[in-house]
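Reader: Hi! Could you walk me through this one while I look at it?

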Amino acid sequence: MPVSVPQLRAFVATLDAGSFTSAASVLGVGQSAVSHAVAGLEREVGGPVVRRGAVAVPTPLGDRLLAHARNVLASVDALEAVVRPATARGTVRLAAVPTVCQGLLPRLRELWAVTVPDVDVQVYEGDDDEMPEWLESGTVDAAVLVDPSPLPAGGVVVARDEMAAVVRRDHPLAELPALTLDDLHEDGLVAGGGGCEYQIQKLHELDGRPFRYAHRVREMSTMFGMIERGEGVSIVPTLGRVMLPPDLVMIPMARRLERTLVLSGPSSRDWHPLARALVDAV
């Protein structure tokens, strides 16, 4: 028996959910059905694809198969959406960076709730460089891309914002109308939070100076915590204003740098029709 779509769904769901039990809940089937489907896949491909444990993770073979499985499932989902009745109905997986998830998606989801009420938007949060990768691999059906070049065919600009400094409300810099990189480096720049490092690097390039930082973190919550404790200052997009703790403030940068945010489907395969519905609604 060849590899089947249900086997691939069970395999991907198990790794995404972290366990057979959670995958069964996502797929709406019994745990034994998921286990049997994954076991069947392993027989077909000649080896284990999931390492069982507290959290299910891919084996080396499973890791090699995962991207292909996602591509197959994305194509199957797109095909099924085409042959269903014309009414937009179903689930779309949408990826975005943290500032977009917090500062823009709530407004877009309010719009979609009115214009395409039967489309369920599942949000995947990641960094700038993960968006195109997830989109092309089939991990998600649509994404809000940051400064894509060139503008993807069929994509639509959904917002523009710019970079701004973040400091403590009681910091002397908070009294200034705008801040420079020199101002921020004097206090210690915390870089990288929420996938904004590319834009911070670009600001340094525009000023003709090497990119440097006092601290480099991944999560915006970590960055904000360090700023609250007086361990530095940072630069984030203005959409992140809604994420600021009460004792932090945003100050404009003396050198402006704008971001363009584009809602798009993949460039290497056909769009999921419901991803097209989201773009058309915007």
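Reader: Which residue follows H10, and what is its phi like?
Author: H10 is followed by Gly230, and the phi of Gly230 is positive, near 80 degrees. Names such as H10 come from DSSP runs numbered from the N terminus: helices are H or I runs of at least four residues, strands are E runs of at least two.

Reader: Before we go on, where do the values come from?
Author: This is a predicted model, in which local features need pLDDT of at least 70, side-chain atom pairs count only at pLDDT 80 or more, and totals for chains, interfaces and linings use all residues. Residues are numbered from 1 along each chain as its sequence is written, and side-chain values use heavy atoms, leaving out hydrogens and water.

Reader: Thanks! Back to H10, which of its residues are buried?
Author: H10 covers residues 220-228, and its buried residues are Met220, Met223, Phe224, Gly225, Met226 and Ile227. Buried means under 20% relative accessible area with a 1.4 Å probe and protein chains only; exposed is over 50%, and partly exposed is in between.

Reader: And what do those buried residues pack against?
Author: One partner is a helix, H5 (98-103). The others are strands: S6 (156-168), S7 (189-191), S8 (215-216), S9 (233-237) and S10 (248-252).

Reader: Let's try H11. Which of its residues are buried?
Author: In H11, which covers residues 273-281, you'll find Leu274, Ala275, Ala277, Leu278 and Val279 buried. They pack against helix H6 (105-115) and against strands S3, S4, S5, S6 and S11 (258-264).

Reader: Can we zoom out? How many helices and strands does the chain have?
Author: The protein chain has 11 helices and 11 strands. Its C-alpha atoms fill a box of roughly 70 × 45 × 35 Å, taken along the principal axes. Of its 282 residues, 50% are buried.

Reader: What share of the contacts is between residues 24 or more positions apart?
Author: Among contacts with a separation of 6 or more, such pairs account for 73%. Contact here means heavy atoms within 4.5 Å.

Reader: Got an example of residues far apart in sequence?
Author: Arg169 sits in the loop between S6 and H8. It is 79 residues from Leu248 in sequence, but the two are 5.0 Å apart in space, C-alpha to C-alpha. Leaving aside neighbours within four places in sequence, Arg169 is in contact with Ala174, Pro246, Asp247, Leu248 and Val249.

Reader: What about Asp170, is it buried or exposed?
Author: Asp170 is exposed, with a relative accessible area of 55%. Like Arg169, Asp170 is in the loop between S6 and H8 (181-187). From Asp170 to Leu248 it is 78 residues in sequence and 8.4 Å in space, C-alpha to C-alpha.

Reader: New topic: where is the cis peptide bond?
Author: It joins Ser149 and Pro150, with omega at about 0 degrees. Pro150 belongs to the loop between S5 and S6. Asp147 is in the loop between S5 and S6 too, and has a positive phi, near 50 degrees, although it is not a glycine. At 31% relative accessibility, Asp147 is partly exposed.

Reader: Why flag those two things?
Author: Because most residues other than glycine have a negative phi, and most peptide bonds are trans.

Reader: Cool. How do H1 and H2 meet?
Author: Their axes come within 8 Å and cross at roughly 115 degrees. From H1, the contact uses Arg9, Ala10, Ala13, Thr14 and Ala17, and from H2 it uses Phe20, Ser22, Ala23 and Leu27. By class, that is six nonpolar residues, two polar and one charged. Axes are lines fitted to C-alpha atoms over the stretch in contact, with angles from 0 to 180 degrees between N-to-C directions. Ala, Val, Leu, Ile, Met, Phe, Trp, Tyr, Cys and Pro count as nonpolar, Asp, Glu, Lys and Arg as charged, and the others, Gly among them, as polar.

Reader: Last one: how much space lies in the largest pocket?
Author: About 540 Å³. Of its 22 lining residues, Arg9, Asp77, Arg93, Gln122 and Tyr124 are the closest to the centre. A pocket is an open set of points on a 1 Å grid over the protein atoms alone where a 1.4 Å probe fits, with protein on both sides within 12 Å along at least five of seven lines; lining residues have an atom within 4 Å of a point. Points are joined across faces, edges and corners, and the volume is the space filled by probe spheres set on them.

Reader: Which element gives the largest share of that lining?
Author: H1 does, with five residues. The lining as a whole has eight nonpolar, six polar and eight charged residues.
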